[in-house]
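Colleague: Could you walk me through how the labels in this model were assigned? I'd like to hear the reasoning behind each one.

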Amino acid sequence: MSRFRVAVHIVPRKGILDPQGKAVSDALHSLGFDGVSDTRIGRHIVLHIAATDANAANDQVRAMCDRLLANPVTEDFEIATVEPV
Amino acid sequence: MKFGIVTFPGSNCDYDSYHAVTDVLGLPAVYLWHKSTDLEGVDVVVLPGGFSYGDYLRAGAIARFSPIMREVAAHARAGGPVLGICNGFQIACEAGLLPGALLRNSGLKFVGDTVRVRVENADTMFSARCEVGDVLRIPVAHGDGRYTADDETLDRLEGEGRVVFRYVNAAGERDTTSNPNGSMRDIAGIISAEGNVLGIMPHPERAMEDLVGSSDGRRIFESLLARVSA
């Protein structure tokens with residue numbers, strides 16, 4: 001077993017109203033960042049887990065997202081990095 | 001008829017629910033601790049409002065793993081009534097007892113107000129003492145009450161008469177001002193396919209006596225009394 005640091009991004013699914021993201025988009029526009037067309041605000045979760053290899057760590061975290069970390073009705077997730085520690 | 005009111009860490013409407021059932025309706029009720037695995041023979045389970053587990057991760061996401069929830073799910077599967085109010089609605093969705101999810105209010109603010117909901121289906125165990133079109137005045141108090149589901153689910157809920165309550169204005173009509181949280185299709189309360197689980201964002205247990213501004217919430221409890229034999 002090795003240990004891995006896995007980072008996950010979870011964001012509101014496309015098409016689902018994200019009022020927080022919209023408020024931030026508006027604020028960015030008022031600062032002059034006119035190129036911003038969409039902002040979605042979610043969560044960034046970092047886990048340290050034991051697994052046989054990076055693929056197994058990835059699979060474990062995917063299962064965690066399916067069952068708890070993300071809400072399949074409203075959120076999308078993306079495993080950003082899997083790094084040995 | 002005996003009510004069981006689940007207390008999660010962070011529940012704060014468990015006492016209101018207990019008061020509603022015992023002091024107002026004169027019926028027996030017990031608190032069910034979230035770590036318990038015994039429903040103590042109750043006929044109706046109330047998942048009360050509050051902020052179970054501090055709303056960590058998502059509202060209701062952690063509460064559904066409490067030991068008592070396994071028993072609540074079994075009770076629901078066997079056709080037992082479950083009344084999920086506010087955080088209880090969020091927990092019921094997270095637990096898969098009801099479809100959809102409750103997201104941050106579209107206005108981003110916590111909303112504490114008395115709202116009006118219209119009865120859309122009076123042929124349920126939670127609304128049998130109402131008529132379709134009746135408008136009930138019931139308080140809301142939530143930050144995450146925006147009911148959200150995909151179009152297919154929403155169409156199914158409407159087609160099957162499972163949207164029981166909708167936010168409306170004083171005239172009983174849907175408009176842009178009557179929906180306090182941006183819920184899709186102005187949904188305030190839905191029932192499960194089998195009709196025995198109600199999720200509702202407004203708090204009927206806080207509208208039980210004229211002294212507090214409205215007793216319209218009694219109609220929901222009285223519907224249970226009329227429909228559920230115990």
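Colleague: What covers the buried residues of α5(B)?

Modeller: Keep in mind that this is a predicted model. The cover over the buried residues of α5(B) includes α1 (14–24), β3 (44–47) and β7 (135–142) of chain B.

Colleague: And which residues of helix α5 of chain B are buried?

Modeller: Along residues 218–227, they are B:Arg218, B:Arg219, B:Ile220, B:Phe221, B:Ser223 and B:Leu224. Each is called buried because 20 or more other C-beta atoms lie within 10 Å of its own.

Colleague: What makes B:Leu32 and B:His34 contacts of B:Val6?

Modeller: The cut-off is 7 Å between C-beta atoms. B:Val6 touches B:Leu32 and B:His34, so each of those pairs lies within 7 Å. Its other contacts include B:Val46, B:Ile68 and B:Val72.

Colleague: Which residues have the most contacts inside the largest nonpolar core?

Modeller: B:Val6, B:Val46, B:Val82 and B:Ala92, in a core of 65 residues. Strand β9 (residues 163–168) of chain B gives the most to this core, with five residues. Apart from it lies another core, of ten residues, among them A:Val6 and A:Cys65.

Colleague: How do you know that β11(B) pairs with β4 of chain B?

Modeller: Pairing needs at least two bridges. β4 (residues 82–85) and β11(B) have four, in the parallel sense, so they count as paired. B:Gly84 stands opposite B:Gly199 there.

Colleague: In what sense do β10 of chain B and β11(B) pair?

Modeller: Antiparallel, over three bridges, so the two-bridge minimum is met. B:Gly189 has B:Ile200 as its bridge partner, and five residues separate the two strands of this hairpin.

Note on methods
Residues numbered from 1 in each chain as written. Chains lettered and ligands numbered in written order. Predicted model: local features only at pLDDT ≥ 70, side-chain atom pairs only at ≥ 80, totals over all residues. Buried ≥ 20, exposed ≤ 12 C-beta atoms within 10 Å, placed from the backbone. Contact = placed C-beta atoms within 7 Å. Core = buried A, V, L, I, M, F, W, Y, C linked by C-beta atoms within 7 Å. Lists of a residue's contacts leave out its neighbours within four places in sequence.
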